[in-house]
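Student: I would like to practise reading a protein model. Can we go through one together?

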Amino acid sequence: MIRTSDMLFSISQMGSPLLSVQGNRCVLVRHRKAQCLRCATVCTSGAIARAEDGGISVDPALCIGCGTCATVCPSGCLEPLNPTDEELFGQMAKAVAETDTLVVACSNAAAIAGCSATVECLGRIDEAFLAEAAARGVRHIVLVEGNCPQCAHETGGAVANDVLAEARMLLQAFGSDAVLEKIPVARAIEGGNLLANVLHCTGANKDATADASKPTAEDLDFQHVQKDGTLPHFVPERRLRLFNSLKALGEPQQDAIETKLWGQVSVNTGICRSCRMCAVFCPTAAIAPYDKEDGTFGIRHRSALCMQCRLCESICPEHAITVASEVSLPEFMSGKQFRFEMDPIGWNPSAPDAISSRMARFFDTDAVQDPQATNKPAEMAARRAFAQKKQAARDDARKSMQ
């Protein structure tokens with residue numbers, strides 16, 4: 001398993017004039033048991049690839065600035081610079097001021113007249129861009145490809161297909177009649193009338209040979225735990241754009257959607273160990289701890305903040321957490337909170353006798369001593385009995401699940 005420090009160093013080396021990297025946002029940096037590597041799966045040029053140790057290998061010299069990795073990155077760790085989101089959204093705003101048709105072409109189709117924006121690869125276009133275009137009144141959004149099936153960077157085209165399908169589903173759920181399609185450049189040339197009234201501009205491509213300083217291992221710093229015991233949180237700007245664009249479209253026309261962008265968390269409290277590690281590591285505070293004055297505690301969840309990274313599923317020691325891809329739209333748009341109350345854990349992990357208490361339960365004895373604490377056999381017996389009772393309930397809960 002790759003070490004977190006190695007992962008932070010590796011992903012940070014991808015920083016270049018074509019790609020900005022915020023290493024601490026990577027879910028694999030946040031916790032080494034995360035199951036992600038989406039960037040390595042879709043990288044069109046091999047600049048990010050899976051490594052034998054379970055992590056990634058990077059070669060910024062191979063990066064073409066397509067932005068596909070940023071499109072699939074759930075946490076906003078990777079941000080495209082070829083063009084930046086602000087530049088691309090600026091091109092869109094300029095185009096939609098004059099027409100209700102938006103045409104975006106990849107570099108292999110950039111020669112066509114009438115494109116609103118040019119990107120290196122259509123994998124650069126994400127759901128936030130398409131939803132905002134629809135919210136701004138665009139009725140027809142066309143992505144023009146050179147020849148994705150024959151392109152050396154065909155994975156970008158496949159990602160674009162997935163993004164279009166997801167965006168169509170979202171827009172339909174919110175009652176938008178905008179038409180989204182991806183067409184080959186030959187059809188775009190034949191359909192001149194389709195492109196005739198669209199403002200022409202080009203992407204703000206950056207010089208890939210420009211010098212970019214690389215952070216050294218000494219330059220990198222891990223984020224420290226906050227007062228509530230959790231790591232610092234963040235919400236990717238693209239997620240905020242997408243949410244606000246959907247909100248601008250009006251009330252949802254469906255009760256629920258099946259999506260890869262957000263998730264609905266559920267916790268089986270019967271087998272949960274009440275450790276709340278899910279809240280400690282959740283990147284966006286979609287899962288957060290709560291503690292009441294009466295001593296009850298647990299976690300709260302909001303699907304509107306979940307980015308379906310599934311880190312909580314991966315790190316739960318009892319596999320008590322599941323993340324569903326079906327999300328209730330009214331609950332999602334209202335930011336509804338779900339609360340899961342947890343059982344007392346039976347011991348204080350910060351107490352002086354925490355280690356000896358655990359040893360007493362492990363060795364099934366009341367006579368474990370600790371140089372830093374005076375342990376009373378009666379207390380050891382009570383804690384062990386509580387732990388055994390909880391484990392029995394956990395075992396019963398698992399049997400009922402089978």
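Tutor: Start with a term we will need: a polar contact is a pair of N or O atoms within 3.5 Å, and within protein one must be able to donate a hydrogen and the other to accept it. Keep in mind that this model is predicted.

Student: What distance separates the side chain of arginine 30 from the backbone oxygen of proline 232?

Tutor: Arginine 30 lies in helix H2, residues 27–30. Its side chain reaches the backbone oxygen of proline 232. The cut-off for a polar contact is 3.5 Å. The distance here is 2.7 Å.

Student: Is arginine 30 buried or exposed?

Tutor: Buried means under 20% relative accessible area. Arginine 30 has a relative accessible area of 6%, so the residue is buried.

Student: How far apart are the C-alpha atoms of arginine 30 and cysteine 282?

Tutor: Along the chain, arginine 30 and cysteine 282 are 252 residues apart. In space, their C-alpha atoms are separated by 8.7 Å.

Student: Now the whole chain. How many helices and strands does the protein chain have?

Tutor: The protein chain has 402 residues, and 50% of them count as buried. Among contacts with a separation of 6 or more, 73% are between residues 24 or more positions apart. The secondary structure comes to 15 helices and 15 strands.

Student: Over which residues does pLDDT stay under 50?

Tutor: Look at the overall confidence: the mean pLDDT of the protein chain is 84. Of its residues, 82% reach 70 or more. One stretch stays under 50, and the model has 49 contacts for it beyond four places in sequence. That stretch is residues 191–211.

Student: Which element gives the largest share of the largest nonpolar core?

Tutor: This core has 38 residues. Those with the most contacts inside it include Leu102, Val104 and Phe129. Elements giving two or more residues to it include helix H5, strand E5 and helix H7. The largest share is six residues, and it comes from H7.

Student: How many residues are in the other core?

Tutor: This core lies apart from the largest one. Leu8, Val21, Val27 and Ala34 are among its members. Its size is 32 residues.

Student: Which residues does valine 104 touch, not counting residues up to four places away in sequence?

Tutor: Valine 104 is one of the residues with the most contacts inside the largest core. Its neighbours beyond four places in sequence are Ala117, Val119, Leu122, Ile125, Phe129, Val142, Leu143 and Val144.

Student: Is aspartate 126 buried or exposed?

Tutor: Aspartate 126 lies in the loop between E6 and H6. Beyond four places in sequence, aspartate 126 touches Thr71, Val163 and Arg238. The cut-off for buried is under 20%. At 6% relative accessible area, aspartate 126 is therefore buried.

Student: Which residue in E13 is the bridge partner of valine 265?

Tutor: Strand E10, residues 264–267, pairs with E13 in the antiparallel sense over four bridges. E13 has a covered face, Ile321 and Val323, and an uncovered one, Thr322 and Ala324. The partner of valine 265 is valine 323.

Student: Which side chain joins that of threonine 230 in a polar contact of 3.4 Å?

Tutor: Threonine 230 is found in the loop between helix H9 and helix H10. It is buried, with a relative accessible area of 1%. Beyond four places in sequence, threonine 230 touches Val225, Ala279, Val280 and Pro289. The side chain joined to it by the polar contact belongs to histidine 233.

Student: What is omega for the peptide bond that joins asparagine 82 and proline 83?

Tutor: Proline 83 is in the loop between strand E4 and H5. The bond joining it to asparagine 82 is cis. Omega is about 5°.

Student: Is leucine 37 buried or exposed?

Tutor: Leucine 37 is in the loop between H2 and helix H3. Its phi is near 55°, a positive value in a residue other than glycine. With a relative accessible area of 10%, leucine 37 is buried.

Student: What is the relative accessible area of alanine 285?

Tutor: Alanine 285 sits in the loop between helix H11 and strand E11. Phi of alanine 285 is near 70°, a positive value in a residue other than glycine. Alanine 285 counts as partly exposed, with a relative accessible area of 21%.

How values were computed: Residues numbered from 1 in each chain as written. Predicted model: local features only at pLDDT ≥ 70, side-chain atom pairs only at ≥ 80, totals over all residues. Heavy atoms only, no water. Buried < 20%, exposed > 50% of the residue type's maximum accessible area, 1.4 Å probe, protein only. Contact = heavy atoms within 4.5 Å. pLDDT = per-residue confidence, 0-100. Core = buried A, V, L, I, M, F, W, Y, C linked by side-chain atoms within 4.5 Å. Pairing = 2+ DSSP bridges.
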